[in-house]
Amino acid sequence: KSHFKGKHFLTEDNWSKEELDFVFDTSFELKEKFYKEEPTLWLPHKTLFMMFFEQSTRTRNSMEAGMTQLGGHAHDLTPDKMQITHGEVAKDTAIILSRMGHGIACRNCFYGIGKKYLDELAQYSTKPVMSLQDDVYHPFQGLADLMTIFEKFGRNTKGLKVTISWAYATTHSKPLSVPQTQILLFPRYGIDVTVAHPKEFPLSKDIVEKAKLNAKAGGGSLKFTNDMNEAFEGAQIVIPKNWGGFGFYDMNYYLQNEDECKKEMKSNLEKYKNWICDEKKIKLADKNVKLMHALPADRGNEVTDEILDDPNISIVFDEAENRLHTAKAIMGLTM
Ligand code: CP
């Protein structure tokens, strides 16, 4: 376990499959202990500094509850509580926080400078830095997703058919980090991933290229289509998720042209209202299909209530709960 101490967690792509397998083993161990109410005081008296540039329900609470359950403490920080608002740079922030505690975690999707900010923290921190989602990656979400897949389908996922589909673009869309993390990670485990999106909403080209290499090395596959119905045919897992919105725009452009962008996103919602996971689409999938979603889901636009609340189809709350167990594994191992 000492191998992991001090290792940054910014993307699964910097972690070997063997390392990730150990993280999953640890996550399952922690989940079992959680249900048995056995103590897991792996980080007594240790402090995690959490910097949230954006809102969060799952990420913030899985980290904070996780630190408490590991015997340590998490500081919940936002830029307005720090000198970041007065221009203090990531380098100075990283040096200072890493002298005072044992880990730094940061969500910086679009209002800060995203991954660049995380990379600078990691460069100067002497303690592990974890991405709580940035403009490129959402590594904790990827771990919870795969843990949930293992729970429902077993650890041998070779040939499993997973469809990730674009939903629509709105003003509160998140960036591309969720689908990008999934296409990089799932094919490393032999999963056959199909991504459906309208032509004008592709994922980042460099990530797609990297994901294709991962698929080749991992025995999975990666396919793209602009037809949501085609993508749902035979799928064993469907993940309908909007990745338009902010991710579609250059952030500086968005901030300077907010009204125009919001208007465009509203019209996209109308134009693409059939890009929804509903009963008709689910009927095209495998008869035992499961629905996953990072949440929050926009009910009625990304997925219907009927599908999201169907206990035979939806595993979204198992997926959300697994954010806790995987977060504890990463914190326990790296800190
Ligand atoms: N899935 C996820 O990251 O949720 P939050 O935005 O609530 O943290």
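The ligand in this predicted model is surrounded by Ser56, Thr57, Arg58, Thr59, Gln133, Gln141, Ala294 and Leu295, where a residue counts as near a molecule if its C-beta atom, placed from the backbone, lies within 6 Å of it. Residues are numbered from 1 along each chain as its sequence is written. Because the model is predicted, local features need pLDDT of at least 70 and side-chain atom pairs count only at pLDDT 80 or more, whereas totals for chains, interfaces and linings use all residues.

The shell around the ligand is made up of two nonpolar, five polar and one charged residues, with Ala, Val, Leu, Ile, Met, Phe, Trp, Tyr, Cys and Pro taken as nonpolar, Asp, Glu, Lys and Arg as charged, and the others, Gly among them, as polar. Both domains give residues to this shell, so the ligand lies between them; the domain bounds come from an automatic or database domain assignment.

| Domain | Residues |
|---|---|
| Domain 1 | 2-138 + 322-334 |
| Domain 2 | 140-320 |

The largest nonpolar core has 90 residues, and those with the most contacts inside it are Leu48, Leu121, Val162, Ile183, Val238 and Leu291; such a core is a set of buried Ala, Val, Leu, Ile, Met, Phe, Trp, Tyr and Cys residues joined through C-beta atoms within 7 Å, and buried means that 20 or more other C-beta atoms, placed from the backbone, lie within 10 Å of a residue's own. This core draws at least three residues from each of domain 1 and domain 2. Leaving aside neighbours within four places in sequence, Ile183 is in contact (C-beta atoms, placed from the backbone, within 7 Å) with Ile164, Val193, Val195, Leu203, Ala211 and Leu222.

Definitions and conventions:
A residue is buried if 20 or more other C-beta atoms lie within 10 Å of its own, exposed if 12 or fewer, and partly exposed in between; C-beta atoms are placed from the backbone. Two residues are in contact if their C-beta atoms, placed from the backbone, lie within 7 Å.
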